[in-house]
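Trainee: I'm new to this one and would like a close look at a single part of it. Could you walk me through it once it's on the screen?

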Amino acid sequence: MLIGEVARRSGVSARMLRHYESLGLVRPSGRTGSGYREYSGADVRRIFHIESLRAMGLSLREIGRALDDPGFAPADLVDDLIRRTRERIAAETELLIRLDRVHATDPAGWEDVLQVLALLRALGSTSAGTRQRAALASADEVPVEALVQAALDERDPYVAGALRWALSRSGGGAALLTEGLGSPVATVRERAVRALAEMPGREAATLLREALVSPDAVVRGRAALTLGARREAAAIPVLVDMIVAGSNDTDAADALSVLAGDDAAADRIAALLVGRIGDGTTGQPARGRLTQALAGIPGATASRALADLVGDADRAVALTAAYLLRLRGDG
């Protein structure tokens, strides 16, 4: 077959066939008496083979190796193709996300599009300073989805603080942070709850209450400290658990003292602390921390508990209780 007929049957242009020949990928089996290229059936099959490999994403150089190198390992090539395909999909997915975020800003003109794209690029910069400047400037200019993702990914504490500030100004994003709370990565869960803790509004507060039963102690603790500072009684049991565990126990005790703002609340908190002190499973260090926490709880229940603890078998607990009673004027 001459080159024109091969081009017609294979769908590969004559110009491309000549290019393949110049690279040594295809070598016509013969020439006519007039000097025209003449392709055999084997040549045509090789052309189809080349096109199939091109469709898989191989370069012409890789195709030449695949066809002519006896030591060529197809499995290695497939592994490389998988890696490159995943990289391409990831890049295209990132582009789609970025375009969706630009579209969400409802840009009025190209200047708006370019401004949003510039801020999105800055949020993904390798420079912490660039990311921080973008965070401080982006609350009204970048979709909240981008701010949430950046906040969940950010490792630099200063940039993370700027992103949380931007999110608190944005007036949204609380619901989007729930995905972060359920992340399998502990640091992402912590970033999510820290961001929620700094966000105003009922939606963020509701999510923080739900976080009080999180299986992650760090998430529970951050939620409890935030809600305790807001005088939400739902945080009390978690704050007591934090004192027992010795996890931010000083902050937890301070939050309990804030929550003990009336007699009923003070008596409830004191009763919980005393109950844990008397629990036979509570170890000595935890009993000492619980006793110290009674110092910030006003009312008769706490005073009676301290008076009882003066005679405790644990000398450290007894001395702490006696000291606290004197400070309260009850000893």
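Trainee: Let's take the stretch around Asn 248: is Asn 248 buried, partly exposed or exposed?

Mentor: Asn 248 is partly exposed, with a relative accessible area of 44%. Keep in mind that we're looking at a predicted model. As for where you are, Asn 248 is found in the loop between H14 and helix H15, which covers 249-259. Its backbone deserves a glance too: phi of Asn 248 is near 50°, a positive value in a residue other than glycine. Most residues other than glycine have a negative phi.

Now go to the other end of H14. The loop between H13 and H14 holds Arg 231, and there again you'll find a positive phi in a residue other than glycine, near 65°. Arg 231 counts as exposed because its relative accessible area is 57%, and the cut-off for exposed is over 50%.

Between those two loops sits H14 itself, residues 236-245. One partner to look at is helix H17, residues 284-293: the two axes come within 7 Å and cross at roughly 130°. That angle is why H14 is called oblique to H17. On the H14 side, the residues that meet H17 are Val 240, Ile 243, Val 244 and Ala 245. Facing them from H17 are Ala 286, Arg 289, Leu 290 and Ala 293. Sort the residues of this contact by type and you get seven nonpolar, no polar and one charged.

H14 also matters for the inside of the model. The largest nonpolar core has 66 residues, and those with the most contacts inside it are Leu 196, Leu 239, Leu 256, Leu 273, Leu 294 and Ile 297. H14 gives the most to this core, with seven residues. Pick out Leu 239 and leave aside its neighbours within four places in sequence: Leu 239 is then in contact with Ala 224, Leu 225, Gly 228, Ala 252, Ala 255, Leu 256 and Leu 259. Elsewhere there's a second, separate core of 17 residues, which includes Ile 3, Val 12, Leu 17 and Ile 50.

From here, follow H13 (217-229) to helix H12, since H13 is one of the helices that the buried residues of H12 pack against, along with helix H10 (177-181) and helix H11 (186-197). H12 runs over residues 202-211, and its buried residues are Ala 204, Ala 205, Leu 207, Leu 208 and Ala 211. They cover an arc of only 160° around the axis, so they lie on the same side of H12. Turn to the other side of H12 and you'll see Arg 202 and Glu 210, both exposed. You can make a similar check on helix H7 (residues 128-137), where Arg 131, Ala 134 and Ala 135 are buried. Those residues span an arc of only 100° around the axis, which puts them on the same side of H7.

Finally, zoom out. The protein chain comes to 19 helices and two strands, and 40% of its 331 residues count as buried. Among contacts between residues at least 6 apart in sequence, 50% join residues at least 24 apart. For a pair to find on screen, try Asp 263 and Ala 300: they are 37 residues apart in sequence, yet 8.9 Å apart in space, C-alpha to C-alpha. Asp 263 lies in helix H16 (residues 263-277) and counts as exposed at 63% relative accessibility.

Definitions and conventions:
Residues numbered from 1 in each chain as written. Predicted model: local features only at pLDDT ≥ 70, side-chain atom pairs only at ≥ 80, totals over all residues. Heavy atoms only, no water. Axes fitted to C-alpha atoms, helices over the stretch in contact; angles between N-to-C directions. Helix = DSSP H or I, 4+ residues; strand = E, 2+ residues; numbered from the N terminus. Parallel < 35°, antiparallel > 145°, perpendicular 65-115°, else oblique. Contact = heavy atoms within 4.5 Å. Nonpolar A, V, L, I, M, F, W, Y, C, P; charged D, E, K, R; others polar. Core = buried A, V, L, I, M, F, W, Y, C linked by side-chain atoms within 4.5 Å. Buried < 20%, exposed > 50% of the residue type's maximum accessible area, 1.4 Å probe, protein only. Arc of directions from axis to C-beta.
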